[in-house]
Every structure is written in structure tokens, then in C-alpha cells.
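Good morning, and thank you for making time for this presentation. Please have the sequence and the structure in view while I speak.

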Amino acid sequence: MSKDNIPAGQRQLRVGEELRHALAWVFERGEIRDPAFAGVSITVTEVRISPDLRRATVFILPLGGVNADEIATALTRARGFLRRRIGQSMRLRYVPDLAFRVDRTFDEADRIGRALRSPDVAADLAPDDDLSESNEER
């Protein structure tokens, strides 16, 4: 089993969830004074933290998904401020280094949903009357 396939430990999950809440609180209060965040609501969907708790990948999604890459870049610029705020609100030996990524899972789920609703796939998923009748005869 490779190192990447090891599931996250309980401590990693707990610290990641606390980081998510701390970041959401900072975003909710509008403490970042960057023009890129003016009028933008940011959702922190997930925080994945390394086993040594030194690095955290923060998955974000702006409301409506507008300018998502620009928001992630602006958050990377504000990384020092965010680490300082996390250090003030959480009791950790080391405040993790933050990397921001746009959460694309909602786009992927929408793409799969559209594919399942397409007429070609719907025809394949619908019960076939001829097939069900031949199975009943057996």
C-alpha cells in the first residue's frame, strides 16, 4: 500500500475540521482587507492536512463560482494573515502552511448528473420490457 492511500487519522480529521471552522469564521467576519474579496462570499468545503500537521490544503468555492481562480490566488497572498489568525484562535504547536485550491467536486457532480439525465443514458437505464418478459418466462 502506498503512502498516498493511507486514510487520514482521527487527529488529522479533527484538526482539519477545526481549521475549516476557523477560516470560515475569518471569511464570515470579512477580516481580509483585499479588494478581490469585496462582496464575495467564500465557502470552505474541506481542509486536508498532512500527517505531521504542518501543511494544509484548503478547498474553497466562492458563491456562484465566479472568479474562483482569482480568489484562490488572493487567498494565497493573504496566507500570512490567515495563519496568524488561526494561531490566535487555535491551540496548535505549529500553525500549518496553507495552500488554497478551488473545489471542483460540485462541477464534476453536475457533469455526471447531466450525463445521467441525457436521453442516451436514460434509455439504457430504463427497464427493457422485452428483456423483463423473457426473464419471466424462464
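Which residues does V26 touch, not counting residues up to four places away in sequence? I shall answer that in a moment; please keep in mind that what we are looking at is a predicted model.

The answer is E31, I32, F81, L82 and R85. V26 itself lies in helix α1. With a relative accessibility of 4%, V26 counts as buried, because the cut-off for that class is under 20%. One of its contacts, L82, is 56 residues away along the chain, yet the C-alpha atoms of V26 and L82 are separated by 7.9 Å.

Let me now place this residue in the overall architecture. The protein has six helices and three strands. Their order along the sequence is α-β-β-α-α-β-α-α-α. There are 138 residues, and 28% of them count as buried. The accessible surface comes to about 10,100 Å², and carbon and sulfur atoms account for 50% of that surface. Among contacts with a sequence separation of 6 or more, 62% are between residues 24 or more positions apart.

I turn next to the packing of two helices. Helix α1 spans residues 10-29, and helix α3 spans residues 79-89. Their axes lie 10 Å apart, and the helices pack at an angle of about 115 degrees. The crossing of α1 past α3 is right-handed. On the α1 side, the participants are L19, A22, L23, V26 and F27; on the α3 side, they are F81, L82, R85, I86 and S89. Sorted by class, this contact consists of eight nonpolar residues, one polar residue and one charged residue.

A residue in the loop between α1 and β1, E31, also deserves attention. Is E31 buried or exposed? E31 counts as buried, since its relative accessibility is 16% and the limit is 20%. Beyond its neighbours within four places in sequence, E31 is in contact with V26, F81 and R85. E31 and F81 are 50 residues apart along the chain, with 9.5 Å between their C-alpha atoms.

We come now to the core. In soluble globular proteins, nonpolar side chains tend to be buried together. Here the largest nonpolar core has 28 residues, of which I60, L75 and L82 touch the most other members. At least two residues of this core are supplied by each of α1, β1 (42-49), β2 (55-62), α2 (68-77), α3 and β3 (97-102). The largest share, six residues, comes from α1. Taking L75 as an example, and leaving out residues up to four places away in sequence, we find that L75 touches F27, I32, F37, I42, I60, L82 and F100.

Let me continue with the strands. F59 sits in strand β2 and is buried, with a relative accessible area of 15%. Which residues does F59 touch, not counting residues up to four places away in sequence? They are T43, V44, T45, E46, R48, R101, V102 and D103. F59 and A72 are 13 residues apart in sequence, and the distance between them is 9.0 Å, C-alpha to C-alpha.

My last residue is L53, in the loop between β1 and β2. At 13% relative accessibility, L53 counts as buried. Its backbone merits a closer look. Most residues other than glycine have a negative phi. L53 is not a glycine, although its phi is positive, at about 65 degrees.

To close, I return to the starting point: V26 touches both L82 and E31. L82 is one of the residues that touch the most other members of the largest nonpolar core, while E31 belongs to the loop between α1 and β1. Thank you; I welcome your questions.

Conventions: Residues numbered from 1 in each chain as written. Predicted model: local features only at pLDDT ≥ 70, side-chain atom pairs only at ≥ 80, totals over all residues. Heavy atoms only, no water. Axes fitted to C-alpha atoms, helices over the stretch in contact; angles between N-to-C directions. Helix = DSSP H or I, 4+ residues; strand = E, 2+ residues; numbered from the N terminus. Left-handed = near helix turned anticlockwise from the far one by under 90°. Contact = heavy atoms within 4.5 Å. Nonpolar A, V, L, I, M, F, W, Y, C, P; charged D, E, K, R; others polar. Core = buried A, V, L, I, M, F, W, Y, C linked by side-chain atoms within 4.5 Å. Buried < 20%, exposed > 50% of the residue type's maximum accessible area, 1.4 Å probe, protein only. Areas by Shrake-Rupley, 256 points an atom, 1.4 Å probe, with all protein chains shown as cover.
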